[in-house]
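Trainee: I would like to learn how to read a protein model feature by feature. Could you take me through one slowly?

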Amino acid sequence: MMNNLKNAFFSTAMTAIMATPIFGLTLTRQGISSVVEPNLSVVAWGCLVVFLFQLIVAPLFRRSSVGSRFKLPEIPALSQKKTNLLIFAVVVICVIWPFFGNRVAVDIATLVLIYVMLGLGLNIVVGFAGLLDLGFVGFYAVGAYTYALLYHWAGWTFWEALPLSGAMAALFGFMLGFPVLRLRGDYLAIVTLGFGEIIRLLLINLTEWTGGPDGISSIPKPSLFGYVMARRAPAGEETFHQMMGWKFDNMDVVIYLYLMALVLAVVTLLLSNRLVRMPIGRAWEALREDEIACRSLGLNPTKIKLSAFTLGAMCAGFGGAFFAARQGLVNPESFTFIESALILAIVVLGGMGSQLGVIFAAILLTVLPELAREFAEYRMLIFGLVMVVMMMWRPQGLLPIKRPHVEISS
C-alpha cells in the first residue's frame with residue numbers, strides 16, 4: 001500500500017509540474033501589456049485523476065489475474081476469400097455513400113482517405129520492414145510540392161504531375177535509405193526525424209522557388225477527361241458540367257475529389273497487399289524479425305531497406321500530390337512533425353503490418369476529433385492518453401495481423 005501511495009504522489013507531482021505551464025497559466029492582453037493569469041482548476045482535476053489512477057487502477061493491471069479481465073476480445077481470423085469479399089463490399093458502399101451524404105461528411109471522408117494512403121505507405125516501412133520512421137511527412141511534402149512547383153513553373157496538370165510526384169518522393173526515400181543502412185532503433189528514428197525537419201526548413205528558406213512560409217496557392221483541382229471541374233474554365237476550354245449540360249454545384253466537385261481519393265486509396269491497398277505476398281514482402285518480414293538471420297539466409301539487407309523506404313515514400317508522394325490538388329494551397333506548416341506522429345500513431349494503433357487495422361485507425365483518429373470539436377483544446381492530451389491506454393491493454397494494435405504459426409504438442 002505504501003509503495004502505491006508513493007507512486008501516486010510522485011506521478012501527481014510530475015503531472016502538476018508538466019501541466020501547470022501548459023494548462024494552468026493563461027496569457028491575456030490588458031491594454032498594451034500582457035498579463036499571466038492562473039487557471040489551476042484544470043491542473044487540479046488532472047492531478048486528482050492521476051492520483052486516483054495510480055493509487056487504485058494501476059495496481060490492478062500489475063496483477064495478471066485481474067489485468068487479464070481488461071483485455072480486448074480477440075478478433076476472429078477471416079479467410080482470404082472472406083477478407084476480399086468484405087473489402088469489396090466496403091468499397092461498393094464507399095462509392096455509393098457520397099451521393100447521399102452532406103458536404104461536410106464527404107469532405108471529412110476525403111481527408112480520411114488521404115490518411116489511409118499515408119498510413120498504408122508508412123506501414124510498409126514500419127509494419128512490414130520494422131524500420132522506425134519519424135520523418136515520413138517529408139515524403140508527403142515532396143509529393144505535394146512536386147505537383148505545386150510543376151504547375152507553378154511549367155503549367156503541368158494534376159494527371160501529368162501525379163506520376164512524377166510519386167517518383168520524386170520515391171527518389172528521396174531511396175536517398176534517405178543510404179545514410180540509415182547501418183542504423184536501427186532509436187538512431188534510425190532520430191535520423192529520419194531530422195530528414196523530415198530538413199525538408200520543411202528547405203521549403204521555408206527556398207523562397208524564390210517555393211514561396212517560403214506563404215507557400216504556393218491557386219493550385220488547380222484535377223480535371224476529368226480533360227474537362228475542368230470548376231464553375232468557370234480557362235479561355236478556350238469547357239467545364240465538365242457545361243459538357244454534360246448540368247447546372248454547376250459545388251457538391252459535384254467535393255464528390256469527385258472523394259471518389260478520386262477512394263481510387264488512389266484502393267490502388268495503394270492493392271499495391272501493398274500484393275507486395276507483402278511477393279518475395280520482397282517475405283524479405284521485409286525477415287528483416288523485421290531478425291536482421292542477422294536475414295543476412296544468414298543470403299538476403300541483402302541493404303536492398304531490402306532501400307526497397308521499403310522507396311515504395312513507402314512513393315505512396316506518400318501520391319498522397320501529397322492529391323493533398324495539394326484538394327487544398328489548392330501548400331505551405332510548410334502543413335508538414336510538421338505532428339503529421340508524422342499522427343501517421344505513425346495510425347500504424348501503431350491499428351496494428352503494425354495490419355492493413356485493415358491501419359484503415360480502421362485512420363478512420364478513428366481523423367473522424368473522432370471532428371465530432372468532438374469542443375474538446376479541440378485538449379486534443380493532443382486525449383490523444384496521448386488513448387495511446388497510453390492502448391499500450392497497456394492491447395500493445396499489438398486494434399486489429400493485429402494474423403501471422404501463420406505452427407504449434408507442436410507434446
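**Reading the model step by step**

Mentor: Let us begin with cysteines: the structure holds zero disulfides. Please keep in mind throughout that this is a predicted model.

Trainee: What is a disulfide, and how do the cysteines Cys 47 and Cys 94 sit, buried or exposed or in between?

Mentor: A disulfide is a covalent bond that joins the sulfur atoms of two cysteines. Here there are zero of them, and we can still describe the surroundings of individual cysteines. Cys 47 counts as buried because its relative accessibility is 12%, whereas Cys 94, with a relative accessible area of 23%, is partly exposed.

Trainee: How many salt bridges are there?

Mentor: The general idea is that side chains of opposite charge can pair when their charged atoms come close. In this structure the count comes to five salt bridges. One of them joins Asp 107 to Arg 326, with the closest N and O atoms 3.3 Å apart. Asp 107 belongs to helix H5 and Arg 326 to helix H14 (residues 301-327), so this pair ties together parts that are 219 residues apart in sequence. The two partners are covered to differing degrees, since Asp 107 is partly exposed at a relative accessible area of 34%, while Arg 326 is buried at 13%.

Trainee: Where do Glu 197 and Arg 200 lie, and how many residues apart are they?

Mentor: Both belong to helix H8 (residues 186-205), and they are three residues apart, which is about one turn of the helix. Their side chains meet in a salt bridge of 2.9 Å, taken from N to O. Glu 197 counts as partly exposed at 25% relative accessibility, and Arg 200 counts as buried at 17%. To see why these two labels differ, recall that buried means under 20% relative accessible area.

Trainee: Which residue forms a salt bridge with Glu 289, and which residues are linked in a network of salt bridges?

Mentor: Glu 289 pairs with Arg 288, where the closest N and O atoms are 3.2 Å apart, and Glu 289 is exposed, having a relative accessible area of 55%. The network is made of Glu 291, Arg 295 and Lys 305, linked by salt bridges.

Trainee: How many aromatic pairs does a search of the whole structure find?

Mentor: The search finds 13 aromatic pairs. Among them is the pair of Tyr 140 and Phe 335, which is edge-to-face, with 5.3 Å from centre to centre and 85 degrees between the planes. To read such a label, look at the angle between the ring planes, because an angle over 60 degrees counts as edge-to-face. This pair links distant parts of the chain, for Tyr 140 is in helix H6 (residues 137-154) and Phe 335 is in the loop between strand S4 (329-330) and helix H15 (337-350), 195 residues apart. Tyr 140 and Phe 335 are both buried.

The rings of Tyr 147 and Phe 158 have centres 5.5 Å apart and planes at 85 degrees, so that pair is edge-to-face too. Tyr 147 lies in helix H6 and Phe 158 in helix H7 (residues 158-177), so the pair ties together parts eleven residues apart in sequence. Tyr 147 counts as buried at 1% relative accessibility, and Phe 158 counts as buried at 2%. Ring pairs also link Tyr 140, Tyr 145, Phe 323 and Phe 335 into a cluster.

Trainee: How many of the residues of H6 are buried, and what should the helix span?

Mentor: H6 is mostly covered, as 13 of its 18 residues are buried. At 1.5 Å a residue, its 18 residues should span 26 Å, and the end C-alpha atoms are 25 Å apart, which agrees. Just after H6, Gly 155 takes a positive phi of about 75 degrees.

Trainee: Which residue has a positive phi although it is not a glycine?

Mentor: That is Ser 218, with a phi of about 60 degrees. Ser 218 is found in the loop between strand S3 (216-217) and helix H10 (240-244), and it is exposed, with a relative accessible area of 58%.

Trainee: Finally, which residues form a nonpolar patch on the surface?

Mentor: Phe 88, Val 92, Val 95, Ile 96, Phe 99 and Phe 100 form it, with about 640 Å² of accessible area together. Phe 99 lies in the loop between helix H4 (80-96) and helix H5 (103-128), and at 52% relative accessibility Phe 99 counts as exposed.

Technical notes. Residues numbered from 1 in each chain as written. Predicted model: local features only at pLDDT ≥ 70, side-chain atom pairs only at ≥ 80, totals over all residues. Heavy atoms only, no water. Patch = residues over 30% accessible without salt bridge, like charges linked within 9 Å, V, L, I, M, F, W, Y side chains within 5 Å. Areas by Shrake-Rupley, 256 points an atom, 1.4 Å probe, with all protein chains shown as cover. Salt bridge = Lys/Arg side-chain N within 4 Å of Asp/Glu carboxyl O. Helix = DSSP H or I, 4+ residues; strand = E, 2+ residues; numbered from the N terminus. Buried < 20%, exposed > 50% of the residue type's maximum accessible area, 1.4 Å probe, protein only. Phe/Tyr/Trp six-rings, centres within 6.5 Å; stacked < 30°, edge-to-face > 60°. Disulfide = S-S within 2.5 Å. Expected span 1.5 Å × (residues − 1).
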